[in-house]
Amino acid sequence: MATDVVVLEHGEVGEKVANQSSKGHDECCKSTGPGYATPLDAMSGPRETLLYVTAIYSGTGRGKPDYLATVDVDPSSPTYSKVIHRLPALYLGDELHHSGWNSCSSCFGDPSAERRYLVLPSLVSGRVYVIDTKTNPRSPSLHKVVEPEDIISKTGLSYLHTSHCLASGEVMISSLGDKDGNAAGSGFLLLDSEFNVKGRWEKPGNTPLFGYDFWYQPRHKTMISSSWGAPAAFTKGFDLQHVSDGFYGRHLHVYSWPDGGELRQTLDLGPSGLLPLEIRFLHDPSKDTGFVGCALSSNMVRFFKTQDGSWSHEVAISVKPLKVQNWILPEMPGLITDFLISLDDRFLYFSNWLHGDIRQYNIQDPKNPVLTGQVWVGGLVKKGSPIVAIEEDGKTWQSDISDIKGNKLRGGPQMVQLSLDGKRLYVTNSLFSPWDKQFYPELLEKGSHMLQIDVDTENGGLKVNPNFFVDFGAEPDGPSLAHEMRYPGGDCTSDIWI
């Protein structure tokens, strides 16, 4: 059956965003809009007391729907480090993944805007859940469901990932492919303020090679998106041959913003940029630089604007592969799967899902990041594993991982979330259920957990909090897989400033 693809008049959308951007600058001092006027203002926001966590049953064989878990992170609370509420999805097999807000700091200049709804796209089903978090933040409720049939019939888009609110009041969601899992069908879904499907954001003929994450920097009139791979490939687990066969990405896509959806430049990151996943500009909206974590190459790549107005890139941080024994390959990449930047743009944090460590870098000079902290919280080379790492001199080693509250740590560090003041880093360990099953089958049997890392923001340094452990292996419906985390009031991976 033919699909009628709706494409918006981009001048109309751009005019809305441009007007809102101007309004935000002119009226910020008297604004009652959501979020904060600046990233530095956000650092003085209240301490987090709740976290919303996507919890997955898809792919585990338990026959239960995924759910949104509410976790108590208030140290003074009797239910500290416990799941206090669970909101189930309506269907099996959604694979809830990432989330965003209907409104964030990009709407700070609009007194009529309100951060109320958490937008939850489903990576596998292509369904979008809209969650009311304001009525009762400790017990969120389902507000609306945008069905995949509606999205596909109007846009052809499926396999949905990143959700960002726009200053216009609309919501934009990245797509990784069409309903058949072809990357050629990727693009960007636009929902209106009532979460109705408006169409595709990008102009016809401006589809990215692959889809995944995106971030926009309005003062530089630019949005940049990253590339995972074809859903037909990655939903079956990871096959290295698929990289050579062209089923995975290594490009960044530079779009005009907000008025246009025009693909202006494609950056080929080459072999040093295989599987570029999470992408972030610096929070300071005047800055023209950012980073992208390239998972398979295990490099942090810095992108930046050049003097002629085009964009370029360079490797800023490299994680050397480990020489190993008793694994599927003689060398093991770190597999950088998530990262974030502190709100003051001082520190960058990332996780090596396979190696098992979390790193902190000082990026005050973005061209020359400096390692300031590192902590091991799992991985494939921990003590007790059959896999050992080999030094240049032939000596072998394994990481020594301490138990937390009597619990042995499972899997490797994956998603990270930072407190507004930059002093606490939260960590979960599920990547994507087919990949969890392949690399850490114990996670499907025993479930995920969430940790908290104490951060030294003065001198640098990371230390595991021994009193915080959220065990998703002890859930009422059986062990689940914990993925992304969100604060009710926004955070450094949800909010963008204009």
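This is a short tutorial dialogue on reading features of a predicted model.

Student: Start with the enclosed space. How many cavities of 30 Å³ or more does the structure hold?

Tutor: A cavity is space where a probe fits but cannot get out. The structure holds 4 of them at 30 Å³ or more. The largest has a volume of about 110 Å³.

Student: Which residues lie closest to the centre of the largest cavity?

Tutor: His98, Arg280, Glu484, Arg486 and Thr493 do, out of 16 lining residues.

Student: Which strands each supply at least two residues of that lining?

Tutor: There are β8 (158–165) and β16 (276–281). Add β28 (416–418) and β33 (481–486).

Student: How does the lining of the largest cavity divide by class?

Tutor: It has 7 polar, 6 charged and 3 nonpolar residues.

Student: Now the pockets. How much space lies in the largest pocket?

Tutor: A pocket is an open set of points, unlike a cavity. The largest pocket holds about 370 Å³ of space. Its lining numbers 20 residues. Nearest its centre are Gly379, Lys382, Leu409, Arg410 and Glu442.

Student: Which helix gives the largest share of that lining?

Tutor: Helix α7, residues 441–446, with 3 residues. By class, the lining of the largest pocket has 8 nonpolar, 8 charged and 4 polar residues.

Student: What about the second largest pocket: how much space, and which residues lie nearest its centre?

Tutor: About 280 Å³ lies there. The lining has 18 residues, and Asn102, Ala113, Glu114, Gly169 and Ser193 are nearest the centre. The classes are 7 polar, 6 nonpolar and 5 charged.

Student: On to sheets. In what order do the strands of the open sheet come?

Tutor: Read across the sheet from one partner to the next. The order is β12-β13-β14-β15, and the pairing is antiparallel.

Student: Why is one side of β12 and of β15 left without a neighbour in the sheet?

Tutor: β12 (214–217) and β15 (263–268) stand at the edges, and each has a single partner strand, so one side of each has no neighbour in the sheet. Neighbouring strands of this sheet are turned by 20° against each other on average, direction ignored.

Student: How many bridges join β14 to β15?

Tutor: Strand β14, residues 251–256, is joined to β15 by 5 bridges, and the two run antiparallel. Take one residue of the pairing: Leu252 has Leu267 in β15 as its bridge partner.

Student: What lies in the loop between β14 and β15?

Tutor: Pro258 is found there. A cis peptide bond joins Trp257 to Pro258, with omega about -5°. Most peptide bonds are trans.

Student: Where can I see a hairpin?

Tutor: Look at β18 and β19, which form one with 5 residues between them. β18 covers residues 299–305 and β19 covers 311–318, and they pair in the antiparallel sense over 7 bridges. The bridge partner of Met300 is Ile317 in β19. In the turn, Gly309 has a positive phi of about 90°.

Student: How should I read a positive phi outside glycine?

Tutor: Most residues other than glycine have a negative phi, so a positive value merits a look. Tyr159 has one of about 50° although it is not a glycine. Tyr159 lies in strand β8.

Student: Is Tyr159 buried or exposed?

Tutor: Buried means under 20% relative accessible area. Tyr159 has 13%, so it counts as buried.

Student: Where does Asp345 lie?

Tutor: Asp345 lies in the loop between β22 (336–341) and β23 (347–352). Its phi is positive too, about 60°, although it is not a glycine. With a relative accessible area of 11%, Asp345 is buried.

Student: Last topic, the cysteines. How many disulfides does the count give?

Tutor: The rule asks for two cysteine sulfur atoms within 2.5 Å. By that rule the count comes to 0 disulfides.

Student: Why is the sulfur of Cys492 without a bond to the closest cysteine sulfur?

Tutor: That closest sulfur is in Cys104, and it is 13 Å from the sulfur of Cys492, too far for a bond.

Student: Are Cys104 and Cys492 buried or exposed?

Tutor: Cys104 is at 0% relative accessibility, so it counts as buried. Cys492 is at 2%, and it counts as buried as well.

Terms used:
Residues numbered from 1 in each chain as written. Predicted model: local features only at pLDDT ≥ 70, side-chain atom pairs only at ≥ 80, totals over all residues. Heavy atoms only, no water. 1 Å grid on protein atoms, 1.4 Å probe; cavity = no way out; pocket = protein on both sides within 12 Å on 5 of 7 lines; lining within 4 Å. Points joined across faces, edges and corners; volume = space filled by probe spheres on them. Helix = DSSP H or I, 4+ residues; strand = E, 2+ residues; numbered from the N terminus. Nonpolar A, V, L, I, M, F, W, Y, C, P; charged D, E, K, R; others polar. Pairing = 2+ DSSP bridges. Axes fitted to C-alpha atoms, helices over the stretch in contact; angles between N-to-C directions. Buried < 20%, exposed > 50% of the residue type's maximum accessible area, 1.4 Å probe, protein only.
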